[in-house]
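Trainee: Please take me closely through the annotated site of this protein, and set it in its surroundings in one connected account.

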Amino acid sequence: NIKACLFDLDGVLVDTAVYHYQAWKRLANTMGFDFTEEQNEQLKGVSRVESLNKILAWGKVEKTDAEKEELATLKNSWYVDMITKMTPAEVLPGTVDFLTEIHQAGYKLALGSASKNSGIILERTNLAHFFDEIVDGNMVTKSKPDPEVFLKGAELLGFKPDECVVFEDAVAGVEAAKRGGMKAIGIGEKSVLTEANVVVSGLDKLTVKDLESL
Ligand code: B16
Ligand code: MG
């Protein structure tokens, strides 16, 4: 029986992917190359350092660790400029209703995000109060598809993995949930999130009943 819900942030609760894309694109452009929206898909759910490594490989650019750190910091400063201007209107459809409903039904909620900026985003969008625990990129050493972020969330909430369900939009995130022994609800396309127990296009398509039948 499901007792706790673990939520990915970007692509599930809010669409910050557009801001990540703009900031990474600007960084690539300053180095004299570009990448496509399709390539950008591969950056979803992936940590900041790993995203940078992929982008540098696409541009066939080599950088030292010190230079990489500088580049990642620069990208993050542009990204933070954008997310500090976010408003509750940018929360994805159905999110507030669904979180309210499951909270009232007695489920415990945790965030399980790869982002080190989850705090700002949750504050700006007015979602912070829904979560009993928050686990993000500041608290983990291994990124998805490693299950660390979700296992930590389950542990902090005090539930076993098989009492938890993860909501994820990234292939790496669904894999992390499964490797951690949890159920996974995919947010996106069935043909992409093949390992998920259920796939829907967004939280607006779910009700508390869907958790009972997992
Ligand atoms: P930051 P999620 C992930 O968030 C994003 O999907 C991914 O594109 C980003 O690189 C990663 O967070 C790290 O973000 O640079 O803010 O630490 O989907 O796990 O909520
Ligand atoms: Mg995501």
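Mentor: Burial is a matter of counting: a residue is buried if 20 or more other C-beta atoms lie within 10 Å of its own, exposed if 12 or fewer, and partly exposed in between, the C-beta atoms being placed from the backbone. The model is predicted, so local features need pLDDT of at least 70 and side-chain atom pairs count only at pLDDT 80 or more, while totals for chains, interfaces and linings use all residues. Residues are numbered from 1 along each chain as its sequence is written, and chains are lettered from A and ligands numbered from 1 in the order in which they are written.

I start with the annotation. The unreviewed UniProt entry places an "active site" feature at Asp8 and Asp10, and its "binding site" feature takes in Asp8, Asp10, Glu168 and Asp169. These four binding-site positions are spread over 162 residues of sequence, yet they cluster in space, with a largest C-alpha distance of 8.9 Å. UniProt positions follow the numbering used here and feature names are shortened, but the annotations may be inferred rather than shown by experiment.

Asp8 belongs to the loop between strand S1 (4-7) and helix H1 (17-30), where helices (H or I, at least four residues) and strands (E, at least two) are DSSP runs numbered from the N terminus. Asp8 is buried because 27 other C-beta atoms lie within 10 Å. Once its neighbours within four places in sequence are left aside, Asp8 is in contact with Gly112, Ser113, Phe167, Glu168, Asp169, Ala170 and Gly173; a contact here requires that the C-beta atoms of the two residues, placed from the backbone, lie within 7 Å. Two of these partners, Glu168 and Asp169, are themselves in the binding-site annotation.

Asp10 is found in the loop between S1 and H1 as well, and it counts as buried because it has 23 C-beta neighbours inside 10 Å. Not counting residues up to four places away in sequence, Asp10 touches Thr16, Ala17, Ser113 and Ser115. Asp169, in turn, sits in the loop between strand S4 (164-168) and helix H8 (171-179), and its 24 C-beta neighbours inside 10 Å are why it counts as buried. With residues up to four places away again excluded, Asp169 touches Asp8, Gly11, Val12, Lys44, Ile187 and Gly188.

The ligand gives a second view of this region. Ligand 1 has 20 residues around it, of which Leu9, Asp10, Ser113, Ala114 and Lys116 come nearest; a residue is near a molecule if its C-beta atom, placed from the backbone, lies within 6 Å of it. Five residues of this shell are nonpolar, ten polar and five charged, where Ala, Val, Leu, Ile, Met, Phe, Trp, Tyr, Cys and Pro count as nonpolar, Asp, Glu, Lys and Arg as charged, and the others, Gly among them, as polar.

Ala114 deserves a closer look. Ala114 lies in the loop between strand S2 (108-112) and helix H6 (118-124), and it is buried because 25 other C-beta atoms are within 10 Å. Leaving aside neighbours within four places in sequence, the contacts of Ala114 are Gly45, Val46, Ser47, Gly137, Ser143, Lys144 and Val149. One of these partners, Lys144, is joined to Pro145 by a cis peptide bond with omega about 15°, and Pro145 is in the loop between strand S3 (133-135) and helix H7 (148-157).

Two residues with unusual backbone angles offer a contrast in burial. Asn126, in the loop between H6 and S3, has a positive phi of about 70° although it is not a glycine, and it is partly exposed because 13 other C-beta atoms lie within 10 Å. Lys60, in the loop between helix H3 (48-58) and helix H4 (65-83), is likewise not a glycine and has a positive phi of about 50°; it is exposed, because just 7 other C-beta atoms lie within 10 Å.

Finally, the whole frame. The protein has nine helices and six strands, and buried residues make up 38% of its 214 residues. Of the contacts with a separation of 6 or more, 62% are between residues 24 or more positions apart. The radius of gyration is 17 Å, in agreement with the value near 17 Å for a compact globule of 214 residues; it is taken over C-alpha atoms, and the globule rule is 2.2 Å times the number of residues to the power 0.38.
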